[in-house]
Amino acid sequence: MDIKSATFVGSAADYKKCPETPLPEYAFIGRSNVGKSSLINMLTNRNGLAKTSSTPGKTQVINHFMINNQWYLVDLPGYGWAKVGQAQREKFNLMIREYIQKRPNLQCVFVLVDSRHEPQKIDVEFIEWLGNAQIPFAIIFTKADKQTKTRTLANVATYNKQLKKTWAELPQEFITSSDERTGRDEVLGYIENLRLQ
Ligand code: GTP
Ligand code: MG
């Protein structure tokens, strides 16, 4: 899919302040620092479109980016970063969960997990919550450039073992590297298919 245009539309502190639109949107969620904002820049070919940082907790509100004047990518704050403090953590948690449950044009949530790590409790619980809330989702394993392909595939297999404890069917999965620009066609192709359904 060609990304002909990608523009920042606005930031919202809660779902009620998000743009009013019938156009479909696709959101990125996951632990702080997992690479959500970097992935948006990689997918859109625009460095600096979404703000990134090596320090967790960079994205603090719901950010909408309009793509090709037809659909939106949405960058969300990360969950589960201990250093932001209990009150801030709960605020982000509520912001994210309300947005996911109440945004009518949200088509799919991409849950990002770091491909280097074993399944983390907080991610597994979040994925279970999405399932219980009947929200369509896919999983993206990020930062694949940080290790060998063999290691990444072994970690994905471990992850799937964990998921199979709860799920009869595995969700759609992608392996990406924003640094090496891999997994781009697959994620964009998936969005395109959803959009044309
Ligand atoms: P919050 O907004 O804090 O929730 O973080 P985020 O999930 O948006 O992460 P962000 O995109 O800001 O990236 C965090 C750090 O990881 C930055 O230093 C990025 O350069 C780095 N990073 C992100 N994706 C990749 C990747 O694919 N490979 C490598 N090597 N580094 C990455
Ligand atoms: Mg971010």
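**Note on the predicted single-chain model with ligand 1**

1. Just after helix 1, N45 adopts a positive phi of about 65°. This value, like every other in this note, belongs to a predicted model. The chain averages a pLDDT of 94, and 99% of the residues score at least 70. The model scores are ipTM 0.99 and pTM 0.97.

2. The chain contains 5 helices and 7 strands. Their order along the sequence is β-β-α-β-β-α-β-α-β-α-β-α. The radius of gyration is 16 Å, close to the 16 Å that the globule rule gives for 197 residues, so the chain is as compact as a globular protein of that length. The C-alpha trace spans about 40 × 40 × 35 Å along its principal axes.

3. Contacts between distant parts of the sequence deserve mention. Among contacts joining residues at least 6 apart in sequence, 71% link residues at least 24 apart. Of the 197 residues in the chain, 34% are buried.

4. Helix 1 merits a closer look. Is this helix mostly covered or mostly uncovered? Helix 1 is mostly covered, with 8 of its 9 residues buried. These buried residues are K36, S37, S38, L39, I40, N41, M42 and L43. They pack against strand 2 (25-30), strand 3 (62-67), strand 4 (71-75), strand 5, strand 6 (137-142) and helix 5 (184-196).

5. K36 is found in helix 1. This lysine counts as buried because 29 other C-beta atoms lie within 10 Å, the threshold being 20 or more. Leaving aside neighbours within four places in sequence, K36 is in contact with F28, G30, T59, D75, L76, G78 and L112. K36 and K51 are 15 residues apart in sequence, and their C-alpha atoms are 9.0 Å or more apart in space, at 9.9 Å.

6. The largest nonpolar core comprises 40 residues, and those with the most contacts inside it are A27, F28, V111 and L112. Strand 5 (residues 106-114) gives the most to this core, with 6 residues. In soluble globular proteins, nonpolar side chains tend to be buried together. Not counting residues up to four places away in sequence, A27 touches V74, L76, L106, V109 and F110. Two of the core residues named above, F28 and L112, also appear among the contacts of K36.

7. Which residues come nearest to ligand 1? Of the 23 residues around ligand 1, the nearest are G35, S38, T52, T59 and G78. By class, this shell has 3 nonpolar, 14 polar and 6 charged residues. Helix 1 (residues 36-44) gives the most to the shell, with 3 residues. S38, one of the nearest residues to ligand 1, is also one of the buried residues of helix 1. T59 and G78, likewise among the nearest, are both in contact with K36.

8. A further buried position is I127, which lies in helix 3 (residues 121-132). I127 is classed as buried because 21 other C-beta atoms lie within 10 Å, again against a threshold of 20 or more. I127 and L163 are 36 residues apart in sequence, and their C-alpha atoms are 9.0 Å apart in space.

Definitions and conventions
Residues numbered from 1 in each chain as written. Chains lettered and ligands numbered in written order. Predicted model: local features only at pLDDT ≥ 70, side-chain atom pairs only at ≥ 80, totals over all residues. Helix = DSSP H or I, 4+ residues; strand = E, 2+ residues; numbered from the N terminus. Rg over C-alpha atoms; globule rule 2.2 N^0.38 Å. Buried ≥ 20, exposed ≤ 12 C-beta atoms within 10 Å, placed from the backbone. Contact = placed C-beta atoms within 7 Å. Core = buried A, V, L, I, M, F, W, Y, C linked by C-beta atoms within 7 Å. Near = placed C-beta within 6 Å. Nonpolar A, V, L, I, M, F, W, Y, C, P; charged D, E, K, R; others polar. pLDDT = per-residue confidence, 0-100.
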